[in-house]
Amino acid sequence: GGSREPNVNGGFEAASFAGWAVDPDASGSLLLVGGHGHSGSDAAWFGAIGPRGDTLSQTFDTLPGALGD
């Protein structure tokens, strides 16, 4: 463990969902990466049509007791 880089493309700096598992609402969705990020130039935008909503997720390794940056 510990070999993967945490938070790959965490700020959507690749202008895409690269590094993220994307699960759009089954009823339809508008998911995009565009401007106006909290920090940096891009952000993820969600527009689920159905009640379930959209999800983005990442899995990464951590060390017990270690503090995040």
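Me: Which strand is Leu-32 found in?
Reply: Bear in mind that this is a predicted model. In it, Leu-32 falls within residues 32-34. That run is strand E2.

Me: Does Leu-32 count as buried, partly exposed or exposed?
Reply: Its relative accessibility comes out at 33%. Buried would need a value under 20%, and exposed a value over 50%. Leu-32 sits in between, so it counts as partly exposed.

Me: What is the area of the nonpolar surface patch that Leu-32 helps to make?
Reply: Leu-32 shares this patch with Leu-30 and Trp-45. Together, these residues make a nonpolar patch on the surface of about 290 Å².

Me: How many aromatic pairs does a search of the whole structure find?
Reply: One pair joins Phe-12 to Phe-17. Another joins Phe-12 to Trp-20. For the whole structure, the search gives two.

Me: Is the pair of Phe-12 and Phe-17 stacked or edge-to-face?
Reply: A ring pair is described by the distance of the centres and the angle of the planes. For Phe-12 and Phe-17, the centres are 6.0 Å apart and the planes make an angle of 85°. Planes over 60 degrees apart go in the edge-to-face class, so this pair is edge-to-face.

Me: And what about Phe-12 and Trp-20, stacked or edge-to-face?
Reply: Here the distance is 5.2 Å centre to centre, with 20° between the planes. The cut-off for stacking is under 30 degrees, so Phe-12 and Trp-20 are stacked.

Me: Which residues do the ring pairs link into a cluster?
Reply: Phe-12 pairs with Phe-17 edge-to-face, and Phe-12 also stacks with Trp-20. The cluster linked this way is Phe-12, Phe-17 and Trp-20.

Me: Within that cluster, is Trp-20 buried or partly exposed?
Reply: Phe-12 has 9% relative accessibility and counts as buried. Phe-17, at 19%, also counts as buried. Trp-20 has 22%, and buried means under 20%, so Trp-20 counts as partly exposed.

Me: What is the phi of Phe-12?
Reply: Phe-12 lies in the segment before E1. Although Phe-12 is not a glycine, its phi is positive. The value is about 55°.

Me: Where is Asn-9, which also has a positive phi?
Reply: Asn-9 isn't a glycine, yet its phi is about 55°. Asn-9 counts as buried, at 6% relative accessibility. Its place is in the segment before strand E1 (21-23).

Notes. Residues numbered from 1 in each chain as written. Predicted model: local features only at pLDDT ≥ 70, side-chain atom pairs only at ≥ 80, totals over all residues. Heavy atoms only, no water. Helix = DSSP H or I, 4+ residues; strand = E, 2+ residues; numbered from the N terminus. Buried < 20%, exposed > 50% of the residue type's maximum accessible area, 1.4 Å probe, protein only. Patch = residues over 30% accessible without salt bridge, like charges linked within 9 Å, V, L, I, M, F, W, Y side chains within 5 Å. Areas by Shrake-Rupley, 256 points an atom, 1.4 Å probe, with all protein chains shown as cover. Salt bridge = Lys/Arg side-chain N within 4 Å of Asp/Glu carboxyl O. Phe/Tyr/Trp six-rings, centres within 6.5 Å; stacked < 30°, edge-to-face > 60°.
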